[in-house]
Structure formats: C-alpha cells, structure tokens
Amino acid sequence: MKQLQHAIQLGATMYIPATHLQLWEVTEGIKFPLLKSIAVCLEDAVLEQDVQTAMVNLKHLLQKRLEYPNLSAPTMFIRPRNIEMAKHIVDWDLNHTYNGMILPKFTTQHLKSWMEVLPPNLQYMPTLETKEIFDVGHNIELHQALKYDFYKTLCLRIGGNDLLSCLNLRRPKNTTIYQTPVGMLIPQLAGLFIPDGFQLSSPVCEHFENINLLTQEIKQDMNNGIYTKTAIHPLQIEHIHLALQVHPEEFNEAQQILSSDAKSVFKSHGSMLEPATHKNWAEIILLRYKTFGLIKSHLPVHDKLMLSS
C-alpha cells in the first residue's frame, strides 16, 4: 500500500461501518469517486451485537482486496474497537491490503500496549477523544512519548464529539466547534504537536446539511494549521475538498517565496513576504495545490460553496 507523506492527502476522511452493505463499492471509490480516504469502523458505528458480523465483513473485504488490488482506490484505514481487536485483525496477515489503523481513545496509558500489537509497515492515526486530553500535563507527556517512542504517526485525530461528551455537551446546530470548550483546546494541541512535525485532523461537523457552517469551520481549521477533516456524510466530501483548494493569489505568493532567486523581503498584493519565515506556509500551500487544485473563480470560498450547494 502507498504511504501518505502528509495528512493533507487524506482530504475528507469518511467513516463507514464495517456492517455497510456496499463496503466494497465504497472502499474501492466506486460509489463516491471524490473520496480520498476512508475509515472502516468497528467501534462507535457498530452495535455490540453486530461486532462479529462486522469482523467477518472486514476479513472478506481484505481478502477481496488481496485478490483484486487497486492502487487508485482511496487510502483505507481500519478503526478497531480496542487493542485486542486490532491484534486479531493484524493476526490475519492481511496488513498489506490497507494503509493503517485509527487508534480509538488513545492516551499515554495505552501507548506501549499499542506498540506491542501494531506492525511497523502501517501508518497510524491515534484519536484524542478522552477526558485526559483536557489535561495539559497529559498532553505534554503524550507529545514526548509519541515523539520518541511511537512510529508511523500520520496524524492525530481530534474526536470533537467525544470530547464534548466528557463535558456533557453536544455541539449546537449553528456554531462551529471553535465556539465550544473544545474550540479552546484545538489551538493548544496544534501549538504542542505541529511544530514537531505531527499533523492534526479536525473534528467532524455532524450537522451535514449546513454547508455554510462546515466551510466556516474549515477556515478556522486552516487558521490553526489543520488541513484534513473527518466527514460524517458523503455530501460533505466535495465541500471539504473545495474549501481546501488554494486561492490563485496565495499560490503565486507561495511560488515567489520558494523561488531560488527570491529576495529576503518583498511585497505582494499589499503584504510583505519574507521567505525565512513564510517558507513553511508556502510549502503547505503548494501541497494543498497538488492535492486539491486552485479555486476555480475569484469568489470567496464561502460564496462559491453556497452557489454550488
């Protein structure tokens, strides 16, 4: 399986229960061609009484992927229910038929146990979604542990709804995640993890018919250095990808910043550009461009999406 170089390449990661009747069509990119990444879920999306069925479905899916490999299919990650289930899946010896695993309820307490189970050839996305994540001391300890002890961390997924549940809350229908207590936590996580090369994935926006709310939230995600988002409904896939497209002006400025003959400081469209401090930003812009392309018009992203919805 191909290895992703950056979480941006995930785009909108859509979760699908392993009990889904069209599991093959969805994971192969047949049903939703715009999909770049998918998570086959055996945790929250599967009822306890359906776990055995879900496991049988998953094994059949992986065996079929072994028989019919498709390098153009969306990247596929498995979200097991717990460490024991992950070990059971790994023991099938079908690990080269999917890209990696999403690790639920991840804390420092479980890190060593995960390391004993997970093979090094896969990529992993630990999910930050328990009450411990509100503890700054825990997060500093987790950062150090991941930095030195854990391998193949593609990104850290922020479980917004689980974190809100810790506070006995549900996201209001007309506010972004940043207008909740979790919104104050996200910049803290970004400031702790991103400077050391870790990427973050922003929480799902479960109010899937409110495209305006979704696009507002993605703008705030990007203001915090987060460029991939969980999708809860197929309707959101295209809108997430459109919101991650690059404005032509930003693209041109990024090219100028990364040019071999760029001046140390220069002006562009009323702003001062300084390659020494703007280089990282410019590289992200070009990676977004390679993954999602340019905005097709000069309309603001918000207005463009409203017209297409």
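# Notebook: strands, salt bridges and a surface patch

**Entry 1, a pair in the sheet.** I began in the middle of the sheet, where the bridge partner of Ile-78 in β4 is Met-101. I then looked up the pairing as a whole: β3 and β4 run in the parallel sense and are joined over two bridges. A reminder to myself before going on: this is a predicted model.

**Entry 2, the whole sheet.** In which order do the eight strands of the open sheet stand? I read it as β7-β6-β5-β4-β3-β2-β1-β8, with parallel pairing. β7 (200-201) and β8 (229-231) are at the edges with a single partner strand each, so one side of each has no neighbour in the sheet.

**Entry 3, the chain overall.** I stepped back to take stock of the chain. Twelve helices and ten strands are found in it. The C-alpha trace spans about 60 × 45 × 40 Å along its principal axes. For 309 residues, a compact globule would have a radius of gyration near 19 Å, and the 20 Å of this chain agrees with that. Of the 309 residues, 52% are buried.

**Entry 4, strand β2.** Next I went to β2 and asked about its cover. Is β2 (residues 37-41) enclosed or open? Five of its five residues are buried, so the strand is largely enclosed by the rest of the structure. I checked the faces too: Ser-37, Ala-39 and Cys-41 are buried on one side, and Ile-38 and Val-40 are buried on the other.

**Entry 5, the neighbours of β2.** I looked at both pairings of this strand. With β1 (residues 12-17), β2 pairs in the parallel sense over five bridges. Within that pairing, Ile-16 has Val-40 of β2 as its bridge partner. With β3 (residues 75-79), β2 also pairs in the parallel sense, over five bridges. Here Cys-41 stands opposite Arg-79 of β3. To get from β2 to β3 the chain passes through helix α2 (residues 51-67), and this β-α-β crossover is right-handed.

**Entry 6, salt bridges.** How many salt bridges does a search of the whole structure find? The search finds 13. I noted three of them.

- Arg-65 and Glu-28 form one, with their closest N and O atoms 3.5 Å apart. Arg-65 sits in helix α2 and Glu-28 in the loop between α1 (23-27) and β2, so this pair ties together parts that are 37 residues apart in sequence. Both Arg-65 and Glu-28 are buried.
- Glu-43 and Lys-105 meet through their side chains at 2.8 Å, N to O, in a salt bridge. Glu-43 belongs to the loop between β2 and α2 and Lys-105 to the loop between β4 (100-103) and α4 (108-117), so the pair ties together parts that are 62 residues apart in sequence. Glu-43 is buried, at a relative accessible area of 6%, whereas Lys-105 is partly exposed at 28%.
- Asp-91 and Lys-87 meet in a salt bridge of 3.0 Å, N to O. Asp-91 counts as exposed, at 51% relative accessibility, while Lys-87 counts as partly exposed at 43%.

**Entry 7, a network.** I followed Glu-43 and Lys-105 a step further. Which residues share a network of salt bridges with them? Arg-79, Glu-129 and Asp-162 are linked with Glu-43 and Lys-105 in that network. Arg-79 had already come up as the β3 residue opposite Cys-41, which was a nice link back to the sheet entries.

**Entry 8, a nonpolar patch.** I turned to the surface for a change of scene. Phe-134, Leu-167 and Leu-169 form a nonpolar patch there, and together they have about 220 Å² of accessible area. Where does Leu-167 sit? Leu-167 is in the loop between α6 (160-166) and α7 (181-193). Its relative accessible area is 33%, so Leu-167 is partly exposed.

**Entry 9, Thr-277.** My last stop was helix α11 (residues 275-292), which contains Thr-277. Is Thr-277 buried or exposed? At 52% relative accessibility it counts as exposed, because the cut-off is over 50%. I also looked up its separation from Ile-257: the two are 20 residues apart in sequence, and their C-alpha atoms are 9.7 Å apart in space.

Terms used:
Residues are numbered from 1 along each chain as its sequence is written. This is a predicted model: local features need pLDDT of at least 70, side-chain atom pairs count only at pLDDT 80 or more; totals for chains, interfaces and linings use all residues. Side-chain values use heavy atoms; hydrogens and water are left out. Patches are made of residues with over 30% relative accessible area and no salt bridge: like charges are joined within 9 Å, nonpolar side chains (Val, Leu, Ile, Met, Phe, Trp, Tyr) within 5 Å. Accessible areas come from the Shrake-Rupley method with a 1.4 Å probe; for residues, only the protein chains shown count as cover. A salt bridge is a side-chain nitrogen of Lys or Arg within 4 Å of a carboxyl oxygen of Asp or Glu. Buried means under 20% relative accessible area, exposed over 50%, partly exposed in between (1.4 Å probe, protein chains only). Two strands pair if DSSP finds at least two bridges between them. A crossover is right-handed if, with the strands pointing away from the viewer, the path from the first strand over the helix to the second runs clockwise. The radius of gyration is taken over C-alpha atoms; the globule rule is 2.2 Å times the number of residues to the power 0.38.
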